[in-house]
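Reader: I have a new structure to look at, and I would like some help in reading it. Could we go through it feature by feature?

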Amino acid sequence: MAALYMTNQLITIIYDSQFLKHDTGGGEHPEVAERMQVIENQLRNGALASSLLYEQPQPADRRWLLTFHTEAWLFRFEEATLSGRTYIGHPDNQIGFETYDIALLSAGAGLKGIDLLEQDSAKLVFCTVRPPGHHAEPNVPLGFCFLNNCAIAARYWQQKYKRRKICVFDFDAHHGNGIQAAFEEDAETLYISIHEHPSFSYPGTGFSEEEGTGDGKGTILNIPLLPGAGDEQVIASLESEVEEKLAWFQPDAIIIAAGFDAHRLDDMSGLNYSTDLYHLLGLKIAGWTKKYTEGRLLSILEGGYHLKALPESVEAYLSGLLAEL
Amino acid sequence: MFIHYYMTPSPVTIQAHMYIAEARDLLGHKHFRHLPVVDNDGRLQGMITDRDLRSADPSTVLNADERQRILDRVQKTKVKAIMSTDYLSLKTVSTLDDALLLFEKKPVGALPVLDSAGKVVGIFSLDDLTRAYRSLFGLGEKGSVLIAIENQTDSPSLSRLVQVLEEHNVLFTRLVCSDGKGKEPAMIYLRINTCNIPAVHRAVEKAGFIVHVPMSASQGQPPA
Ligand SMILES: [Zn+2]
């Protein structure tokens, strides 16, 4: 650790230009390669530029994918990309020839980040990745997602580094149904999601009544917000139910499913977050990390589709983390 | 939409000449609260519920001896004495809508389902009804979302809307309308299966429809 404090480069960005090659077919598909480029530009040329280090991911090993996904899905996914199909299951899930390999790299970014954190070679890690992951189910893709980057990273952290209690906090505008599916019967993981109310928003899950089952009862916290809700409602829930749940769970590590599509300029949701809210989320999350996890914090990009709001929100979030840690 | 897809088939039944003690045993060991009373051929004769059984119990204000005496007598009473005979029932061809109307008519928790010969082939509870509508309306189905569109109430609007959705390859599973005659304004509700909701909004609006976005009460501003 000592060596780290002597450098200014406190944020490690895990990124690979391969991510640009995941082809979503043009047209009206919002999950585009340009998302990566605008974040890159903002970070490299903005106020945080001197604080950044870059690392490249390795493709995730199959054994880690299988901690959440089924063999059948991995075969189907690979086969579909190689056979030249343009989507799997639903036109939302556009694929190109290279999508399978790129998805492995996207899932591998979190694992690389965990290695760096555990080896004290990084202090703060943000994975700028696509395709995103939190809607992906064990056996099917959903909502632009193929492999569940956060769920896989959580299992990796538990199994490789024996960090038993993992909390995934998801501030994407949409409910991470796949992460919930991974965790809902598990007492050693906690999933907290603040999202647009499932009655009016994709994917139609994440009601507050869903709170985990069996051994996992109480380890799912869904906070649905009505369309139009914004900073005020988020701050209120962070300071009450979210912090109460964290105090109860006492996580050993925190993973952030960092989606920026609840920004008021982003039309993928009806939520109304300001750019400043992402700074505040950064401050809060860094505070939880100090309190509970001795700095073990990994952030993985999920959604965020407005090409101006997205990079500014990512920067605001990272500056919040940096200010508090 | 049909009852027989959602009912519990072959429910536990009892006969009218059996004792209340036996009915109590049957209901006590299972997770249901309604017991159809049938004849030798399985035809429905009446219904008893856990509530009927409880109201047959002696009052708690009685002294212990007296209570025990009444309890013994109740245990030896036959089912016929307490079963209700003015029951309502469903047929296997009944619909969920039929069941809803019957549940509205009489405050019961479950209805027996009869075949054409009057034999009990199933039981259908209020919980079954909610579950059935939940699945029919696609509630909780992963990957779907409800959108509300103002209903201009002229009949071609529905077909126009469906046409727009088909042209844009938007999959949808439910389409329900309110006609504006009740408390709810005239609306069309669609459960669509896509994450790309803005694209659907744009397509629908381009065709002249108005998408209705419900707003958080404390936040008057529409999202940009
Ligand atoms: Zn999202």
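Reader: Let me begin with strands. In which sense do strand S5 and S6(A) of chain A pair, and over how many bridges?

Author: Happy to help, and please keep in mind that this is a predicted model. Strands of a sheet pair through backbone hydrogen bonds, either parallel or antiparallel. Here, strand S5 (residues 189–196) of chain A pairs with S6(A) in the parallel sense, over six bridges. To find the pairing on your screen, look for His195(A), which stands opposite Pro224(A) in S6(A).

Reader: How many residues of strand S6 of chain A are buried?

Author: Buried here means under 20% relative accessible area. In strand S6 (residues 220–225) of chain A, five of the six residues are buried, so the strand is largely enclosed by the rest of the structure.

Reader: What about the loop between S5 and S6 of chain A: which proline lies there?

Author: That loop holds Pro203(A). A feature to look for at this proline is the peptide bond before it: Tyr202(A) and Pro203(A) are joined by a cis peptide bond, with omega about 0°. You can find another cis bond from Arg130(A) to Pro131(A), where omega is near -5°. Pro131(A) belongs to the loop between strand S3 (124–127) and helix H6 (149–161) of chain A.

Reader: Phi is another backbone angle I should read. Which sign does phi have at Asp120(A)?

Author: Phi is positive there, about 60°, although Asp120(A) is not a glycine. This residue sits in the loop between H5 and S3 of chain A, and its relative accessibility of 37% makes it partly exposed. Gln250(A) is also a residue other than glycine with a positive phi, near 55°. Look for Gln250(A) in the loop between helix H8 (231–249) and strand S7 (253–258) of chain A; with a relative accessible area of 42%, it is partly exposed.

Reader: Now the metal. Which residues coordinate the zinc ion?

Author: To read a metal site, start from the ion and look for the donor atoms around it. The zinc ion is coordinated by Asp172(A) through OD, His174(A) through ND1 and Asp261(A) through OD, at 2.0 to 2.1 Å. Along the sequence, these donor residues follow the spacing D-x1-H-x86-D.

Reader: Are Asp172(A) and His174(A) buried or exposed?

Author: Both Asp172(A) and His174(A) are buried. For a charged residue elsewhere in the chain, try Glu40(A) in helix H2 (residues 34–45) of chain A. Glu40(A) has a relative accessible area of 12%, so it counts as buried. Leaving aside neighbours within four places in sequence, Glu40(A) is in contact with Tyr15(A) and Tyr54(A).

Reader: How do I describe two helices that pack together? At what angle do helix H4 and helix H5 of chain A pack?

Author: Compare the directions of the two axes, and then see how far apart they are. Helix H4 (residues 71–82) and helix H5 (residues 99–118) of chain A pack at an angle of about 130°, with their axes 8 Å apart. Because of that angle, H4(A) is oblique to H5(A). H4(A) brings Leu74(A), Phe77(A), Glu78(A) and Thr81(A) to the contact, while H5(A) brings Thr99(A), Tyr100(A) and Ala103(A). By type, the residues of this contact divide into four nonpolar, two polar and one charged.

Reader: Let's move to chain B. In what order do the strands of its four-strand open sheet come?

Author: The order is S9-S10-S8-S11 (chain B), and the pairing is antiparallel. Strand S9 (172–178) and strand S11 (211–212) of chain B stand at the edges with a single partner strand each, so one side of each has no neighbour in the sheet. S9(B) is joined to strand S10 (residues 187–192) of chain B by six bridges, and Val176(B) has Tyr189(B) as its bridge partner in S10(B).

Reader: Which helix lies across strand S8, S10 and S11 of chain B?

Author: That is helix H8 (residues 197–206) of chain B, which runs at about 20° to S8(B).

Reader: And what is the strand order in the open sheet of three strands?

Author: It is S2-S3-S4 (chain B), with mixed pairing. The edge strands are strand S2 (14–15) and strand S4 (44–49) of chain B, each pairing on one side only. S2(B) pairs with strand S3 (residues 34–38) of chain B in the parallel sense over two bridges.

Definitions and conventions:
Residues numbered from 1 in each chain as written. Chains lettered and ligands numbered in written order. Predicted model: local features only at pLDDT ≥ 70, side-chain atom pairs only at ≥ 80, totals over all residues. Heavy atoms only, no water. Axes fitted to C-alpha atoms, helices over the stretch in contact; angles between N-to-C directions. Parallel < 35°, antiparallel > 145°, perpendicular 65-115°, else oblique. Contact = heavy atoms within 4.5 Å. Nonpolar A, V, L, I, M, F, W, Y, C, P; charged D, E, K, R; others polar. Pairing = 2+ DSSP bridges. Donors = N, O, S within 2.8 Å, 3.2 Å for Na, K, Ca; no water. Buried < 20%, exposed > 50% of the residue type's maximum accessible area, 1.4 Å probe, protein only.
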